[in-house]
Amino acid sequence: MNLKVGVRTPTYGYKNKGEKGVFQRRYYEHTIVDEQELNTIIDYIHYNPVKHGLVDNVKDWEYSTFNEFVKDGYYDEDWCDFSQVEGLDYE
């Protein structure tokens, strides 16, 4: 993957604010204290493209490590795929 800063990056929030670049403006340092917290953070990262409407399924985001985690047995391929749930207003 060859990203050019400010051209066509996989991020979208900066465009609306007239900013360029890939990295966020503010951040905070945080030490991960245990495996459960690490897993929660990894889940959050993998689900973000779905949360922000960029893809319908976690496995469809081409920039994600999710599919590598599936190959290594950490996730089921259909993790967080709610498209088969009846009565759910998915769209």
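## Aromatic rings

Start with the rings: the count comes to 6 aromatic pairs. In this predicted model, phenylalanine 66 and tyrosine 75 make one of them, with ring centres 5.0 Å apart and planes at 50°, so that pair is tilted. Tyrosine 75 also pairs with tryptophan 79; here the centres sit 4.8 Å apart and the planes meet at 55°, so this one is tilted too. Tilted covers the planes that are neither under 30 degrees apart nor over 60.

Which residues do the ring pairs link into a cluster? They are Phe66, Phe69, Tyr74, Tyr75 and Trp79. As for cover, phenylalanine 66 and tyrosine 75 are both buried. Tyrosine 75 comes in at 11% relative accessible area, while tryptophan 79 is partly exposed at 22%. The line for buried is drawn at under 20%, so tryptophan 79 with its 22% falls on the other side of it.

## The nonpolar core

Phe66 and Tyr75 turn up again in the largest nonpolar core, along with Ile42, Val50, Val55, Val58 and Trp61, which makes 7 residues. Take valine 50 from that list: leaving out residues up to four places away in sequence, valine 50 touches Val55, Asp56, Asn57 and Val58. Two of those neighbours, Val55 and Val58, are core members as well.

## The chain as a whole

Now for the overall picture. The protein chain has 3 helices and 0 strands, and from the N terminus on its elements read α-α-α. Of its 91 residues, 16% count as buried. The chain exposes about 8,000 Å², with carbon and sulfur atoms supplying 49% of that area.

How much of the contact list is long in sequence terms? If you take contacts with a separation of 6 or more, residues 24 or more positions apart account for 26% of them.

## Salt bridges

There are 2 salt bridges in the structure. One joins aspartate 78 to lysine 59, with the closest N and O atoms 3.3 Å apart. Aspartate 78 lies in the segment after H3, and lysine 59 is in the loop between helix H2 (35-51) and H3, so the bridge ties together parts that are 19 residues apart in sequence. Both ends are partly exposed: aspartate 78 has a relative accessibility of 42%, and lysine 59 has 25%.

The other bridge brings glutamate 68 and lysine 71 together at 3.6 Å, N to O. These two are 3 residues apart in helix H3, which puts about one helical turn between them. Is each end buried, partly exposed or exposed? Glutamate 68, at 45% relative accessibility, is partly exposed, whereas lysine 71, at 65%, counts as exposed.

## Around asparagine 67

Asparagine 67 sits in helix H3, which covers residues 66-71. With 32% relative accessibility, asparagine 67 is partly exposed. What does its side chain reach? The backbone oxygen of lysine 59, at 3.1 Å. So lysine 59 figures twice, because its side chain is also the partner of aspartate 78 in a salt bridge.

Asparagine 67 also has a neighbour further along the chain: glutamate 77 is 10 residues away in sequence, and the two C-alpha atoms are separated by 7.6 Å.

Conventions:
Residues numbered from 1 in each chain as written. Predicted model: local features only at pLDDT ≥ 70, side-chain atom pairs only at ≥ 80, totals over all residues. Heavy atoms only, no water. Helix = DSSP H or I, 4+ residues; strand = E, 2+ residues; numbered from the N terminus. Buried < 20%, exposed > 50% of the residue type's maximum accessible area, 1.4 Å probe, protein only. Polar contact = N/O pair within 3.5 Å; in protein donor to acceptor, adjacent residues only side chain to side chain. Contact = heavy atoms within 4.5 Å. Areas by Shrake-Rupley, 256 points an atom, 1.4 Å probe, with all protein chains shown as cover. Core = buried A, V, L, I, M, F, W, Y, C linked by side-chain atoms within 4.5 Å. Phe/Tyr/Trp six-rings, centres within 6.5 Å; stacked < 30°, edge-to-face > 60°. Salt bridge = Lys/Arg side-chain N within 4 Å of Asp/Glu carboxyl O.
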